[in-house]
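Welcome! Here are some short exercises to help you find your way around a new structure. Try each task yourself before you read the solution.

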Amino acid sequence: MKKMKKLMAMLLALTMVLGMSVTVFAEKTSNVETKDVTGTESDKGSITINGIDAETKEDQSSNVEVYAFKVVEAVYGETDGKFTGYRSLYETELPLNKNGGLNETEIATNLATLAGKIAYDAEQNKWLYNGTTELTPITLQPSGASYVASNVAVGSYLVLVQGSEAKFYNPIIASVSYVGKETEDGAVSGVQSDVLGITNGVAWVKVSGTPDIGKTATVPDRTENDTNTDASSVNVGETINYEVTVNPIPKYDGIHPKFKVIDTLSTGLKFDKTEDQDISDIVKVYVIDATASFGTLSDEQKTAAALEKTKYSAAFATTEVGKEELTVDFVLGDKKDNYTLNDYAGKQLVIVYPAKVTDKAGMNATGNNNEAKLQYSKDSNLESGDDPNPPTAKTYNYTFDLSATINGSTTESILNKVGQETATSTTSKPLAGAVFTLYTAYTDADNNTVYNTDGKNTLFATDGTVTSTDSGKLFVRGLAAGTYYLKETFAPAGYSLNNTVYKIEIKANYKADGQLDEWTIKTTEVGNGKEYLTEISVDGGVKKGTVTEIKIPNTSLASLPSTGGIGTTIFTFGGCAIMILAAGLYFASRRRSAK
């Protein structure tokens with residue numbers, strides 16, 4: 001009896017489970033059409049593309065054209081004509097995954113590659129793949145804010161937006177696909193013969209952006225004390241390599257193209273060019289992939305990416321305020337055929353040139369600002385003047401002096417040369433004529449003291465030296481942030497040489513946009529470790545911080561104290577007296593002999 005009760009309980013439980021299962025399965029299919037539809041070659045759908053901004057020509061007609069190229073097709077049985085799956089028409093660029101669909105990772109990686117191989121050949125009036133295989137695209141028609149194509153066969157399509165100039169649209173995939181029955185694990189498969197319906201392709205294009213300009217600066221040749229190639233701080237006399245980028249390059253189909261870069265240097269910078277050099281030897285132009293970094297390219301890759309000199313004009317000029325200016329123009333005339341970059345639309349333009357920091361460089365917070373601007377047509381079908389607010393890119397290059405003022409100074413310095421009457425004197429006076437040499441390396445006497453001067457670390461001097469003025473000031477100017485050593489190498493007449501070596505460390509901090517925020521000047525007497533610190537920050541044009549002046553003393557030779565014994569003076573006088581006495585006795589002896 002007990003066994004019978006247990007069996008009945010088990011049957012009852014099983015019945016409940018089966019009842020629950022029926023409910024679950026019914027719920028899965030409750031939102032799907034109950035009548036199955038078998039896919040056939042006659043099945044059609046539509047493609048709708050959103051997110052394209054309207055652009056018009058001078059005659060007010062549309063300037064944008066949207067094309068769809070089949071890249072994945074539906075496959076049907078040869079005998080029954082029923083849908084069996086999908087096949088990629090470009091297996092190399094867009095392989096299908098094991099479930100018969102496009103792999104999202106492969107799409108993101110290879111779609112641009114495939115799009116780059118599909119282009120319109122104006123001479124043949126054909127769309128071609130790899131320049132040889134003719135393609136027949138579907139043309140989408142404008143419909144309100146969208147572009148639509150109807151009666152489209154099942155499959156996936158590469159959609160390209162052509163004719164847009166103000167913006168650049170990335171290639172996308174839109175698919176007309178079957179909705180299959182759910183499998184036991186709840187997944188929807190489109191590779192079954194039995195399908196429940198068709199999903200139309202609706203996609204939003206992504207904008208890769210309007211042309212924008214960027215700029216970087218590097219110093220290829222640094223002194224030993226500063227191996228950093230960043231050009232935030234520079235020495236007077238150094239050469240800076242500027243790199244201007246424009247990304248992406250626009251495509252112009254109208255008769256009013258405009259595309260040029262204008263780069264203006266500050267008064268403290270000068271294009272690094274001799275009079276007999278051709279401008280093409282100074283200004284280099286390259287076209288590289290939109291996602292590439294020019295600095296990471298090899299020399300061979302840069303050579304391959306160099307743009308032919310016939311595709312641009314470059315010219316130097318001087319502005320009314322005495323600044324040097326470079327203009328690189330890619331429209332060689334006033335017709336659209338003279339725009340030289342249509343073949344490179346969507347890629348990145350790079351312009352490289354050198355400039356030298358001159359003795360007119362602004363010191364400290366003044367900086368040497370450098371601005372490049374891009375003048376371009378947002379729609380070459382419309383005639384327009386220069387944009388009063390074009391895209392710009394700036395670099396900030398700073399050089400320092402030891403005056404501790406915001407804008408540098410030729411009257412104030414933290415270094416002061418003084419003369420003392422005695423070694424223990426507490427009073428001193430400004431001392432002129434003392435010569436100091438600025439070095440970039442130093443080792444102590446135990447390692448055979450070595451000084452290395454490169455001759456370009458002080459402004460207004462070619463030998464790395466600076467001389468104290470009548471007011472005793474030492475004007476050391478035109479230094480990049482870094483470490484230097486200052487030592488007196490010539491003392492004024494009547495004064496002893498000061499053998500102290502002063503280690504000078506200049507450190508700078510910058511704001512997010514590259515502008516100078518604050519800097520410090522730390523001076524240490526090598527050997528005894530005595531330190532002097534000057535800290536300066538700029539807040540709204542007002543200097544804040546502390547300034548520590550440094551007095552470098554020289555002692556008068558006439559007041560040097562005597563030390564030790566009586567020295568050699570008494571022996572010198574004694575020797576002279578003996579010689580005089582001997583000479584006297586000699587002449588007296590001769591006179592007696594003569595008599």
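**Exercise 1. A salt bridge between two strands**

Is Glu-371 buried, partly exposed or exposed? Then find its charged partner and say which parts the pair ties together.

*Solution.* Keep in mind that this is a predicted model.
- Step 1: The relative accessibility of Glu-371 is 32%. Buried means under 20% and exposed means over 50%, so Glu-371 counts as partly exposed.
- Step 2: The side chain of Glu-371 meets that of Lys-394 in a salt bridge, at 3.9 Å from N to O.
- Step 3: Glu-371 belongs to strand E22 (residues 368-376) and Lys-394 to strand E23 (residues 392-397), so the pair ties together parts that are 23 residues apart in sequence.
- Step 4: Lys-394 is partly exposed too, with a relative accessibility of 43%.

**Exercise 2. An enclosed strand**

Why can strand E24 be called largely enclosed by the rest of the structure? Which strands are joined to E24 by bridges?

*Solution.*
- Step 1: Strand E24 covers residues 415-420, and six of its six residues are buried, so the rest of the structure largely encloses E24.
- Step 2: Look at the directions. Leu-415, Lys-417 and Gly-419 point one way from E24, while Asn-416, Val-418 and Gln-420 point the other way. This fits a general pattern: in a regular strand, side chains alternate between the two faces of the sheet.
- Step 3: E24 runs parallel to strand E33 (residues 550-555), and six bridges join them. Asn-416 has Lys-551 in E33 as its bridge partner.
- Step 4: E24 runs antiparallel to strand E25 (residues 429-430), with two bridges between them. Here Val-418 stands opposite Pro-430.

**Exercise 3. A buried charged pair**

Which residue meets Lys-417 in a salt bridge, and is Lys-417 buried or exposed?

*Solution.*
- Step 1: The side chain of Lys-417 meets that of Glu-488, at 2.7 Å from N to O.
- Step 2: Glu-488 lies in strand E28 (residues 482-490) and Lys-417 in strand E24, so this pair ties together parts that are 71 residues apart in sequence.
- Step 3: Lys-417 has a relative accessibility of 1%, which counts as buried. Glu-488 is buried as well, at 0%.
- Step 4: This is one of the 14 salt bridges that the structure holds.

**Exercise 4. Nonpolar cores**

Which residues touch the most other members of the largest nonpolar core?

*Solution.*
- Step 1: They are Phe-259 and Phe-330, in a core of 42 residues.
- Step 2: Strand E21 (residues 348-357) gives the most to this core, with five residues.
- Step 3: Another core, of 31 residues, lies apart from it; its members include Tyr-398, Leu-438, Ile-506 and Ala-508.

**Exercise 5. A three-strand sheet**

In what order do the strands of the sheet with E5, E6 and E7 stand, and which of them are at the edges?

*Solution.*
- Step 1: The order is E5-E6-E7, in an open sheet with antiparallel pairing.
- Step 2: E5 (118-121) and E7 (133-135) each have a single partner strand, so they stand at the edges with one side lacking a neighbour in the sheet.
- Step 3: Four bridges join E5 to E6 (residues 126-129), and Ala-119 is paired with Leu-128 in E6.

Terms used: Residues numbered from 1 in each chain as written. Predicted model: local features only at pLDDT ≥ 70, side-chain atom pairs only at ≥ 80, totals over all residues. Heavy atoms only, no water. Core = buried A, V, L, I, M, F, W, Y, C linked by side-chain atoms within 4.5 Å. Buried < 20%, exposed > 50% of the residue type's maximum accessible area, 1.4 Å probe, protein only. Pairing = 2+ DSSP bridges. Salt bridge = Lys/Arg side-chain N within 4 Å of Asp/Glu carboxyl O.
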